[in-house]
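The exercises below ask you to work through a structure step by step, with the coordinates open beside the text. Try each task before reading its solution.

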Amino acid sequence: AEDEIEADHWWFRGRRRLFGGVLRRLAIPKDGCILDAGTSSGSNLRLLRDRGFVDFRGLEISEQAIDICAKKGLGPVEQGDVCDMPFPDASFDFIFATDVIEHIDRDDAALGEIMRVLKPGGYCLATVPAFPSLWGHQDIKCYHKRRYRSAEFLAKIAASGLEPVSWYHFNYLLFVPIWAMRRLLLLFPRSLRSESQLNTPLLNLL
């Protein structure tokens with residue numbers, strides 16, 4: 001399960017390094033008010049804790065995920081819906097919305113709520129799975145509604161009132177092997193809970 005691997009798996013460690021670089025480039029202050037919208041197993045909370053941020057919280061709809069974050073001591077997590085957040089307008093200097101929007105039927109409503117609770121001049125870091133052609137076993141297991149192309153997602157962001165500042169694909173060097181693996185997994189179904197199960201210590205190190 002994700003909560004068992006997020007501390008050490010290459011995918012999560014690499015993302016925390018990438019996201020930490022974004023926080024540094026934007027000069028987000030250590031005492032800035034930060035929200036992790038859609039906390040899941042707490043990888044972003046781990047990043048914030050380990051980098052010395054002091055005013056952050058999570059928002060998560062799953063009671064099980066909230067309990068997991070509490071047991072790990074990763075910080076406060078409130079229960080709530082990303083499409084109807086229990087926070088006043090203009091509450092946060094920075095918002096993480098990483099791998100959450102693709103789970104939501106009304107992605108426009110989620111982006112609108114992010115715009116509402118973000119302070120003027122604040123930033124949101126949003127990530128979504130890219131390219132419909134990469135749709136595969138992991139999307140099905142994770143209950144994704146869709147994968148995105150850049151132009152489509154940027155249009156939704158702009159429609160919400162947010163202003164796109166920087167955007168890019170990451171892990172793009174893995175596009176071809178991931179595409180090939182997902183085609184094979186769809187052709188030959190197996191009892192695989194997550195693609196993370198395909199990891200090995202050597203692969204993780206590489």
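**Exercise 1. In this predicted model, find which residues touch the most other members of the largest nonpolar core, and which elements give two or more residues to this core.**

Solution. Begin with the membership: the largest nonpolar core holds 22 residues, and those touching the most other members are Leu 35, Met 85, Ile 95, Ile 101 and Ile 114. Next, assign the core to elements, where two or more residues come from each of strand S1 (34-37), strand S4 (92-98), helix H5 (107-117) and helix H7 (150-159). The largest share, 4 residues, is given by H5. Then take Ile 95 as an example: with residues up to four places away in sequence left out, Ile 95 touches Leu 35, Ala 37, Ile 114, Val 117, Leu 118, Tyr 123, Cys 124 and Leu 125. Finally, a second core, separate from this one, has 16 residues, among them Leu 23, Ile 28, Leu 45 and Phe 53.

**Exercise 2. Determine how S1 is paired with S2 and with S4, and which way the side chains of S1 point.**

Solution. Take the pairing with S2 to start with: the two strands run parallel and share 4 bridges, and within S2 it is Phe 56 that serves as bridge partner of Ile 34. On the connection, S1, H3 and S2 together form a β-α-β unit that is right-handed. Turning to S4, this strand is also parallel to S1, to which 3 bridges join it, and Leu 35 has Ile 95 of S4 opposite. As for the side chains, Leu 35 and Ala 37 point one way from S1 while Ile 34 and Asp 36 point the other way, and all of these residues are buried. In a regular strand, side chains alternate between the two faces of the sheet.

**Exercise 3. Work out which residues of H3 and of H5 are buried, and what covers them.**

Solution. For H3 (residues 43-50), count the buried positions: 6 of its 8 residues are buried, and the helix is mostly covered. These residues are Ser 43, Asn 44, Leu 45, Arg 46, Leu 47 and Leu 48. Their cover includes helix H2 (10-25), S1, strand S2 (56-60), helix H4 (63-72), strand S3 (77-79) and S4. After H3 comes Gly 52, which has a positive phi near 85°.

For H5, the buried residues are Asp 107, Ala 110, Leu 111, Glu 113, Ile 114 and Val 117. They lie on the same side of H5, because the arc they cover around the axis is only 155°. An α-helix has 3.6 residues a turn, so residues three or four places apart point the same way. The cover of these buried H5 residues includes S4, strand S5 (118-127) and H7.

**Exercise 4. Is Glu 113 buried or exposed, and is Asp 31 buried or exposed?**

Solution. Glu 113, which lies in helix H5, has a relative accessible area of 11% and is therefore buried, since the cut-off for that class is under 20%. Its side chain makes a polar contact of 2.7 Å with the side chain of Arg 116. Beyond its neighbours within four places in sequence, Glu 113 is in contact with Val 82, Cys 83, Asp 84 and Met 85.

Asp 31, by contrast, sits in the loop between H2 and S1 and is exposed, because its relative accessible area is 56%, and exposed residues are those over 50%. Apart from neighbours within four places in sequence, Asp 31 is in contact with Val 54 and Asp 55. The C-alpha atoms of Asp 31 and Phe 56 are 8.6 Å apart in space, although 25 residues separate the two in sequence.

Technical notes: Residues are numbered from 1 along each chain as its sequence is written. This is a predicted model: local features need pLDDT of at least 70, side-chain atom pairs count only at pLDDT 80 or more; totals for chains, interfaces and linings use all residues. Side-chain values use heavy atoms; hydrogens and water are left out. A nonpolar core is a set of buried Ala, Val, Leu, Ile, Met, Phe, Trp, Tyr and Cys residues joined through side-chain atoms within 4.5 Å. Buried means under 20% relative accessible area, exposed over 50%, partly exposed in between (1.4 Å probe, protein chains only). Contact means heavy atoms within 4.5 Å. A polar contact is a pair of N or O atoms within 3.5 Å; within protein, one must be able to donate a hydrogen and the other to accept it, and residues adjacent in sequence count only if both atoms are side-chain atoms. The arc is that of the directions from the helix axis to the C-beta atoms. Two strands pair if DSSP finds at least two bridges between them. A crossover is right-handed if, with the strands pointing away from the viewer, the path from the first strand over the helix to the second runs clockwise.
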